[in-house]
Amino acid sequence: MSVKHSLACAAARTIPAILVCFGGYAQAEGAFSNDSPWMMGDWGGLRSELLEKGYKFDITYVGEAASNVAGGYDSHTTGRYADQLAFGVNVDLEKVLGWSDAELQFSVSERNGQNITNERIGDPRVGAFTSVQEVYGRGQTWRLSQLWYQQRFWDDRLNIKLGLVGVGEDFGTWGCRFQNVSFCGAPAGNWAGDTIYNYPVSQWGARVKFGLADDTYFQVGVYEQNPSYLETGNGFKMSGSGNKGSLVPVEVVHSLTLGEQKLPGEYRVGGYYSNRSWDDVYELENGQPKERNRKYGTWLLGKQQVYKDSSFSARGLTLFASATFHDKETSAIERSVQAGLIYTAPFDSRPYDEINFGVANIHANKRLRNTADRANALNGAVDYNDPNFTPLQNAETNFEINYGFAVTRWLVVRPNLQVVVDPGGVDEVDTAWVAGLKFEVTL
């Protein structure tokens, strides 16, 4: 497939168009097979051959549809669709160049579409804290999402990664079995997105990981604080111009197994510190927000399998929970808590399906409310319905339940129901009920 043809295909951004574009591979062995891990199969054996030589290709498409069936700031029901297309290759440098325990990762991505949260759920004067379509964030552009080198030493007791990388790849990392952003990506990056850039944004940085024991490691990183990378049109910027300082995250990760079945679990404790200049959320100096020279926060994450069916190993129950805490002087969000469960193989005939449930509470900084009170007093706005009134923000709570239906090994469809209570932490906004549909395709 030519580069020109590939870009034309990507621009289409729809599953039917993708199928047509990759139609040149449709005759390859295993294409569209239920047992293949890839929709387009093994490319007539080429994919496996390249993998054996050290080249692992990943092409994925994620689509998310959502409809506000009731409630929200604007209760007029409509639907919106957002998607993400990503191309990546991982190079085993030991196989390719003879460099022991080394690898190179490259990926580009594009996010596109519309977000029902912005248009219907949150009060446009302050917005919402979350998004019911997690792939919408940092969207509307192509991005170089990964370009990094990783080297392992002493049986991975020491691991170094450097290049263009996302902080959430390594620190406070979290899976994504949901459509609501509250349960996807590194939680700290969701609520401190001006400081920690989650995927698909990357920045120059380095991470060093030290093995403290077989089940525990410590890691520390140093990354740019470059807000220009967030701008649409700067998805391939590599110059480093516009850098404002440095971000230093640290984390300890511990693995734990429970009982005779050795049920796996992972626990993370970490924090971040940024030395760039930040505006104080409330305090003024000469009529302008007081400047602070640091921003920080911490997180706790844990996930633990607590049940495994002894007669049907695919069936199990995993619990997860996380909490984040943020600097009250410079952060709009003071703290967040997320918790939920993952139940796999709910039916004997559906060993790859799963049921997922999550609840999240995001609490605004009280000083943010004080700032709104001050603005309303200056504007003489005392009523929520006054267009000049700045809504007062407290806490937003999100719920999601979804069923992950493994149609094939390469296609998972997740119908879901979401509830957003007090969107944006605004008590006056009605609870929003959202019907969603997410599908994940491995091409």
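Me: What do E16 and E17 form, and how many residues lie between them?

Reply: In this predicted model, E16 and E17 form a hairpin, and 4 residues sit between the two strands.

Me: What makes E16 and strand E17 count as a pair?

Reply: Two strands pair if at least two bridges are found between them, and E16 and strand E17 (residues 411-421) are joined in the antiparallel sense over 8 bridges, so the condition of at least two is met. Within this pairing, Phe405 stands opposite Val413 in E17.

Me: How do you know that strand E15 and strand E16 are paired as well, and in which sense do they run?

Reply: The cut-off is again at least two bridges, and 10 bridges join strand E15 (residues 354-364) to strand E16 (residues 395-406), with the two strands running antiparallel. These strands therefore qualify as a pair under that cut-off, and a position to look for on them is Asn361, which stands opposite Thr397 in E16.

Me: Why is the contact between Asp280 and Arg367 called a salt bridge?

Reply: A salt bridge requires a side-chain nitrogen of Lys or Arg within 4 Å of a carboxyl oxygen of Asp or Glu, and the side chains of Asp280 and Arg367 meet at 3.0 Å, N to O, so the contact satisfies the definition. The two partners come from distant parts of the chain, since Asp280 belongs to strand E10 (residues 278-285) and Arg367 to helix H7 (residues 366-379), with their positions 87 residues apart in sequence. In general, side chains of opposite charge can pair when their charged atoms come close.

Me: Are Asp280 and Arg367 buried or exposed, and what shows this?

Reply: Buried means under 20% relative accessible area; Asp280 has 4% and therefore counts as buried, and Arg367, with a relative accessible area of 18%, is buried too.

Me: How do you know that Arg367 forms a salt bridge with Glu283?

Reply: The closest N and O atoms of Arg367 and Glu283 are 3.8 Å apart, which is within the 4 Å that the definition asks for, so this contact is also a salt bridge. This pair, too, links distant parts of the chain, with Arg367 in helix H7 and Glu283 in strand E10, 84 residues apart. Glu283 has a relative accessibility of 31%, so it is partly exposed. Asp280, Glu283 and Arg367 are among the residues linked in a network of salt bridges, which also includes Lys290 and Asp327, and the structure holds 31 salt bridges.

Me: What makes the contact of Asp353 and Arg350 a salt bridge, and how are these residues placed with respect to the surface?

Reply: The side chains of Asp353 and Arg350 meet at 2.8 Å, N to O, which lies within the 4 Å limit and so earns the name. Asp353 has a relative accessible area of 1% and is therefore buried, whereas Arg350, at 24%, is partly exposed, because the term covers values between 20% and 50%.

Me: Why is Ile59 called buried, and where is it placed?

Reply: Ile59 is in strand E1 (residues 55-72), and its relative accessible area is 8%, which is under 20%, so the residue is classed as buried. Ile59 is also 50 residues from Ser109 in sequence, while their C-alpha atoms are 9.7 Å apart in space.

Me: What is notable about phi in Phe32 and Asp156?

Reply: Most residues other than glycine have a negative phi, and most peptide bonds are trans. Phe32, however, has a positive phi near 65 degrees, and it is found in the loop between helix H2 (15-21) and helix H3 (46-53). Asp156 likewise has a positive phi, near 70 degrees, and it lies in the loop between strand E4 (141-153) and strand E5 (158-165). At 34% relative accessibility, Asp156 counts as partly exposed, and together with Glu94, Asp101 and Asp155 it gathers in a patch of negative charge on the surface.

Me: Which residues does a cis peptide bond join, and what is its omega?

Reply: The bond between Tyr199 and Pro200 is cis, with omega about 15 degrees, and Pro200 is placed in the loop between helix H6 (187-191) and strand E6 (203-213).

Notes. Residues numbered from 1 in each chain as written. Predicted model: local features only at pLDDT ≥ 70, side-chain atom pairs only at ≥ 80, totals over all residues. Heavy atoms only, no water. Patch = residues over 30% accessible without salt bridge, like charges linked within 9 Å, V, L, I, M, F, W, Y side chains within 5 Å. Areas by Shrake-Rupley, 256 points an atom, 1.4 Å probe, with all protein chains shown as cover. Lys, Arg positive; Asp, Glu negative; His and termini not counted. Charge placed at Lys NZ, Arg CZ, Asp CG, Glu CD. Buried < 20%, exposed > 50% of the residue type's maximum accessible area, 1.4 Å probe, protein only.
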